[in-house]
Amino acid sequence: MRSLKPLYEIGDLFTELIDSSTLSSGLVTNARYEPIDKQYVYSVLWNDMSMETELFESVIKWRIENGIFVYYKVVK
């Protein structure tokens with residue numbers, strides 16, 4: 001059974017190369033557990049958008065593993 005501890009924390013940063021010259025970065029602003037889906041949902045504020053998006057933990061993990069996102073853990 002999976003631990004109820006989130007993989008990512010508030011303040012963690014994701015970056016994504018949109019095209020060959022545009023880098024987008026997103027900051028985790030909130031994390032909540034979704035019991036129906038049995039995983040965390042993260043609110044991410046992107047520097048190139050005027051709103052936050054919500055991403056499932058499995059989607060973020062897949063994007064990191066496949067080189068779409070680069071992950072930077074928050075330093076406390």
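**A five-stranded sheet, its helix and its side-chain contacts**

Let me begin with a pair of neighbours: strand β2, residues 23-34, and strand β3 run antiparallel and are joined by eight bridges. Strands here, like helices, are DSSP runs numbered from the N terminus, with at least two residues of type E for a strand and at least four of type H or I for a helix, and two strands are said to pair if DSSP finds at least two bridges between them.

Before going further, I should say that this is a predicted model, in which local features need pLDDT of at least 70 and side-chain atom pairs count only at pLDDT 80 or more, while totals for chains, interfaces and linings use all residues. Residues are numbered from 1 along each chain as its sequence is written, and side-chain values use heavy atoms, with hydrogens and water left out.

Staying with β2 and β3, you can find L27 standing opposite L45 in β3. The two strands form a hairpin with four residues between them, and in that hairpin K38 takes a positive phi near 60°. On β3's account there is a second partner, since five bridges join β3 to strand β4, residues 52-56, and these two also run antiparallel. L45 turns up again here, standing opposite E52 in β4, and the hairpin that β3 and β4 form has five residues between the strands.

How much of β3 is covered? Strand β3, residues 39-46, is mostly covered, with seven of its eight residues buried, where buried means under 20% relative accessible area, exposed means over 50%, and partly exposed lies in between, using a 1.4 Å probe and protein chains only.

Let us now step back to the whole sheet. Five strands form an open sheet in the order β4-β3-β2-β1-β5, and the pairing is antiparallel. Its edge strands are β4 and β5, the latter at residues 70-72, and each of them pairs on one side only. From one strand to the next, the twist averages 30°; for angles such as this, axes are lines fitted to C-alpha atoms, for helices over the stretch in contact, and the values run from 0 to 180 degrees between N-to-C directions. Towards the β5 edge, strand β1, residues 13-17, is joined to β5 by three bridges, again antiparallel, and F14 stands opposite Y71 in β5.

Which strands does the helix lie across? Helix α1, residues 57-65, lies across β1, β3, β4 and β5, running at about 85° to β4, and contact here means heavy atoms within 4.5 Å.

I turn next to charged side chains. The structure holds four salt bridges, each being a side-chain nitrogen of Lys or Arg within 4 Å of a carboxyl oxygen of Asp or Glu. One of them brings together the side chains of R32 and E34, at 2.7 Å from N to O. R32 also forms a salt bridge with E54, where the closest N and O atoms are 3.0 Å apart. That second pair links distant parts of the chain, with R32 in strand β2 and E54 in strand β4, 22 residues apart. Taken together, R32, E34 and E54 are linked in a network of salt bridges. R32 is partly exposed, at a relative accessible area of 32%, and E54 also counts as partly exposed, at 48%.

Another salt bridge belongs to the helix, where the side chains of K61 and E65 meet at 3.2 Å, N to O. Why are K61 and E65 separated by about one helical turn? It is because they are four residues apart in helix α1. K61 is partly exposed, with a relative accessible area of 40%, whereas E65, at 56%, counts as exposed.

Finally, the aromatic rings. A search of the whole structure finds eight aromatic pairs, where rings of Phe, Tyr and Trp (its six-membered ring) pair if their centres lie within 6.5 Å, and planes under 30 degrees apart count as stacked, over 60 as edge-to-face and the rest as tilted. The rings of Y8 and Y42 have centres 5.5 Å apart and planes at 70°, so this pair is edge-to-face. Y8 lies in the segment before β1 and Y42 in strand β3, 34 residues apart. Y8 is buried, at 6% relative accessible area, and Y42 is buried as well, at 0%.

To close, Y8 and Y42 belong to one aromatic cluster, which also includes Y33, Y40 and W46.
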